[in-house]
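User: I should like to understand how the descriptive terms for a protein model are justified. Please take me through them one at a time.

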Amino acid sequence: MLFTSCSKDDDNSTPTVDYTTVENLLTEIDFKGYAIITKNGNDLVRQGFGLANENTALPQNYDLAYRIGSVSKTLTAAAVVQLKRDGLISGFDQTLDEFDIEFPNGDQITLAHLLSHQSGIPDYQLIIEDAYEQGETLDEEDIYGVIIEMIDENGLNFVPGEGKEYSNSNFLIAAMLIQELSGTAHHEYIEQNILLPLEMETTYKGSDEIDTDIHAQGYNNGNINSTYPMTIAFGAGDFSSTPRDMETWTNAVRTNWFTEVEKAEIFARDIPSGYVDFGLGWFTTQEGNTTMYWHGGDINGYWSMIGFIPKYDTTIVLLSNQQDDTGAQRNTIIQQLLTNEFD
């Protein structure tokens with residue numbers, strides 16, 4: 001997912017069509033996965049589309065696991081908020097040099113810059129994936145070192161706070177900071193402070209190979225594509241979850257998991273109509289008088305999206321086991337919902 005914020009969507013390749021129902025929209029675009037979309041307390045859609053496993057004819061299911069990719073960032077960002085609640089950080093304006101004196105340009109990069117992709121730190125993903133293809137096995141500490149080397153060699157992509165560019169490096173660094181300050185493994189800290197209190201029992205650190213008894217198989221152009229080295233996605237995209245748990249999490253964020261003071265810091269506000277912008281772990285899309293807060297994810301064999309629209313008491317959960325490299329399905333759904341169903 002690459003966005004230039006605050007940017008207007010000038011892509012006119014997806015015409016607005018007045019689909020009769022949301023179910024009809026998802027059918028027409030050949031969505032495969034499980035979808036939940038509510039409006040004013042009522043379900044517009046709550047069902048599976050296609051098969052979760054074509055070899056076994058396993059249906060999509062509310063309690064089946066899917067890789068959620070970068071939707072994991074919403075959990076990492078919330079864990080950083082929890083650090084502040086626990087008194088382990090004083091605020092999101094603290095700079096990285098307070099935690100690692102040797103981090104290059106660390107005196108310029110704040111925690112808020114990390115969580116809102118305003119740090120200028122280059123993305124490690126393609127470099128590390130290439131190293132993996134060459135037979136190298138790198139853990140998060142190794143990747144952290146690679147990020148530092150990238151900055152030492154080429155500098156930041158822009159002055160922190162003066163630009164916005166999506167980078168997985170931001171959230172790997174945030175996850176490592178969670179571990180350092182809490183003295184607890186990143187995933188355990190999330191489990192203790194988010195998953196267990198909300199009874200999200202089927203959200204967990206993903207494995208390189210999925211368990212097809214409890215997990216949807218992932219596909220790319222009809223071919224199985226479920227394998228991924230999850231250490232590469234540390235803190236940035238390494239969770240699997242179920243539609244049930246993602247609905248629980250989205251509803252919690254929409255209502256009272258964050259305080260009103262925290263929400264004022266987390267969610268980008270005052271976005272012009274037709275634009276999208278970064279908040280702290282969440283995107284804001286504005287269309288007319290309708291505001292949607294959301295995050296999407298893409299990983300081998302899967303795409304995902306969770307979000308909510310306060311004006312319509314709306315919760316959105318889309319977990320797909322059909323890879324969509326261009327984000328076309330997600331973009332079409334967002335556009336159609338905001339221009340037809342929630343206009």
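Analyst: Two strands are said to pair if DSSP finds at least two bridges between them. The model discussed here is a predicted one.

User: What makes β13 and β14 a pair?

Analyst: Seven bridges join β13 to strand β14 (residues 302-309), and the criterion is at least two. The two strands therefore count as paired, and they run antiparallel. His295 has Ile306 of β14 as its bridge partner, and Ile299 is matched with Tyr302. The two strands form a hairpin with two residues between them. In that turn, Gly301 has a positive phi of about 85°.

User: How do you know that β12 also pairs with β13, and in which sense?

Analyst: Strand β12 (residues 283-287) shares five bridges with β13, where at least two are needed. The pairing is antiparallel, and Thr285 stands opposite Met292. This is again a hairpin with two residues between the strands, and Gly288 in the turn has a positive phi of about 65°.

User: Which strand pairs with β14 over seven bridges in the antiparallel sense, besides the one already described?

Analyst: That strand is β15 (residues 314-320). Ile309 is placed opposite Thr314 of β15. The hairpin of β14 and β15 has four residues between the strands, and Asp313 in the turn has a positive phi of about 50°.

User: Why is β13 called largely enclosed?

Analyst: A residue is buried when its relative accessible area is under 20%. Nine of the 10 residues of β13 (residues 290-299) are buried, so the strand is largely enclosed by the rest of the structure.

User: What makes β14 mostly covered?

Analyst: Eight of its eight residues are buried. Tyr302, Ser304, Ile306 and Phe308 point one way from β14, while Trp303, Met305, Gly307 and Ile309 point the other way; all of these are buried.

User: Why are β6 and β7 described as standing at the edges of their sheet?

Analyst: The open sheet of three strands has the order β6-β10-β7, with antiparallel pairing. β6 (66-67) and β7 (204-205) each have a single partner strand, so one side of each is left without a neighbour in the sheet. Two bridges join β6 to strand β10 (residues 239-241), and the threshold for pairing is at least two. Arg67 stands opposite Ser240 in β10.

User: Why are α2 and α7 called roughly perpendicular?

Analyst: Helix α2 (residues 72-85) and helix α7 (residues 186-195) pack at an angle of about 75°. Angles of 65 to 115 degrees count as roughly perpendicular, and α2 and α7 are therefore described in that way. Their axes are 10 Å apart. Among the residues making the contact are Leu75 and Leu83 of α2 and Tyr189 and Ile194 of α7. By class, this contact has seven nonpolar, four polar and no charged residues.

User: What makes a set of residues a nonpolar core, and which members touch the most others in the largest one?

Analyst: The members must be buried residues of the listed kinds, joined through side-chain atoms within 4.5 Å. The largest nonpolar core has 76 residues, of which Phe103, Ile121, Tyr124, Met246, Trp249 and Trp282 touch the most other members. Helix α6 (residues 168-182) gives the most to this core, with eight residues. A second, separate core of 26 residues includes Ile29, Phe31, Ile309 and Phe342.

Note on methods: Residues numbered from 1 in each chain as written. Predicted model: local features only at pLDDT ≥ 70, side-chain atom pairs only at ≥ 80, totals over all residues. Heavy atoms only, no water. Buried < 20%, exposed > 50% of the residue type's maximum accessible area, 1.4 Å probe, protein only. Axes fitted to C-alpha atoms, helices over the stretch in contact; angles between N-to-C directions. Parallel < 35°, antiparallel > 145°, perpendicular 65-115°, else oblique. Contact = heavy atoms within 4.5 Å. Nonpolar A, V, L, I, M, F, W, Y, C, P; charged D, E, K, R; others polar.
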